[in-house]
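Trainee: Could you take a close look at the unusual spots in the backbone for me, and then at the packing around them?

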Amino acid sequence: MLNKIIKRGNKKVPKSDASDFGIVPSGNRSSGSVSTSNVVVNHASRGTGVGVGMPSNSVTQQQQQQTVIIAATVPAPGAIEALPLLKDVPMSDRQSLVLRKLQVCCYQFNFVDTMKMVKEKEIKRQTLVELVDCVQSGGVKISESNQEEMVKMIGVNIFRCLPPASHENTGSENVEPEEEEQYLEPSWPHLQLVYELLLRYIVSSNTDTKVAKRFIDHSFVLKLLDLFESEDPRERDYLKTILHRIYGKFMVHRPFIRKVINNIFYRFIYETERHSGIGELLEILGSIINGFALPMKEEHKLFLVRVLIPLHKPKPIGMYHQQLSYCIVQFVEKDHKLSDTVIRGLLKYWPVTNCQKEVLFIGELEEVLEATQAAEFQRCMVPMFRQIAHCLNSPHFQVAERALFLWNNEHIVGLIAQNRNVILPIIFEALEKNIRSHWNQAVHGLTVNVRKMFLEMDADLFEDCQKQYAEKAAQATELEKQRELRWQRLADAAGQGG
């Protein structure tokens, strides 16, 4: 009896019954088509969506008037016909024609099969081109109701299930993100025009922010940020530009956008270490940080400590390090007192076995030091130059070479010269080891130049360090002799006992 009840509960709803309740079976995800002909795409700021196929007595007359059929549909062959151009109809008919064109643009096509429904695809493309031109030129002022339907149409096209990531398809979790093949969206010929329409709508001087923020609300922005997971770099580039424009135009969304980006970063750092759009999000943040007012808010400083610095931890840092480094340097240039925090953060996450990552860190350290003042430099110079000394002796020649290039920077050399009494004793041994035993000739030559620079800075200090190094080397030699002697005595005692 129990098994019968369970089976009855798991029984699929027939298609005819499903449509009575406004339920539509999901389409083929790989083809990009979603069969939702009986669904009204409602905006999050409105109430619950009302299905077109629902009984009329289930909604009020007012709700019926507000509901407009803007939904993703899969057209039958020949179902789409070309509409007249907006410039060819009287002014009184243009708003209704705009709505009809928006409905045409909601049709979804299978772009995997390039020979299927070619005419219908071209009609939609031409309609999108005309709408983009209409918004960009301002030739036809779109009514508020049509603006809302346009944003809905845009959502129908761009808010979709993204295909599985490359490593999910292959099941190879150990593949480096940099080595994964790029996925290109098959429907990009239409998708690009939809993104262009959204961008032109946001930047248009005819767009009233007070009106537009009713449609481009928190729900819309959240879905937009979710799309940064797309593996198609063309799509992420559009999303970056659009989100940046939204941040600039809709001040009410600014705290929300920063909060959601924070959450994306937290999940990337501490959970997945996989996200396609980290570089683009950091690029947006670089521009935002550049506009921070002084004195800097505590919220922004916490963002640096809790998000940007820990972003140095994930393995795929090479994919976004350039943008991350720019954000970090922006903070230091805004507030010089933050350089100590940043440098100590870099030392905390300094790579141990990844040489390419270590080269990136040294490059970023140089950029931070260029914006560092003497007082902050003195606070962190001891642990910093201990790490630099370790890099100088790295058997990987690129790491050692990149560390030695720090002495080519005049600002850094000036800071070192002011604090040579502390710095030279820390790195002197590393310099001597390189000259005596490093295998790479380029590293050997650069080390000689740095050693000569210190000698010219302060000959007395250099001589003192040399004496200390000689004494330390003599002590080490003596300790080694004593160790060998003890082992020899143990060996002799063992031989006599046998």
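Mentor: Sure, start with Glu273: its relative accessibility is 26%, so this residue counts as partly exposed (buried is under 20% relative accessible area, exposed over 50%, partly exposed in between, with a 1.4 Å probe and protein chains only). Keep in mind that this is a predicted model, where local features need pLDDT of at least 70, side-chain atom pairs count only at pLDDT 80 or more, and totals for chains, interfaces and linings use all residues. Numbering runs from 1 along each chain as its sequence is written, and side-chain values use heavy atoms, leaving out hydrogens and water.

Back to Glu273: its phi is positive, about 55°, although it isn't a glycine. Most residues other than glycine have a negative phi, and most peptide bonds are trans. Glu273 sits in the loop between helix H12 (254–272) and H13; helices here are DSSP runs of H or I with at least four residues, numbered from the N terminus.

Met117 also has a positive phi of about 55° without being a glycine, and its loop runs between helix H4 (91–104) and helix H5 (118–137). Met117 counts as buried because its relative accessibility is 16%.

Then there's a cis peptide bond between Leu294 and Pro295, with omega about 0°. Pro295 belongs to the loop between helix H13 (278–290) and helix H14 (298–308).

As for packing, the largest nonpolar core (buried Ala, Val, Leu, Ile, Met, Phe, Trp, Tyr and Cys residues joined through side-chain atoms within 4.5 Å) has 124 residues. Met117 is in a second, separate core of six residues, which also includes Val104, Phe109 and Phe111.

Technical notes:
Helix = DSSP H or I, 4+ residues; strand = E, 2+ residues; numbered from the N terminus.
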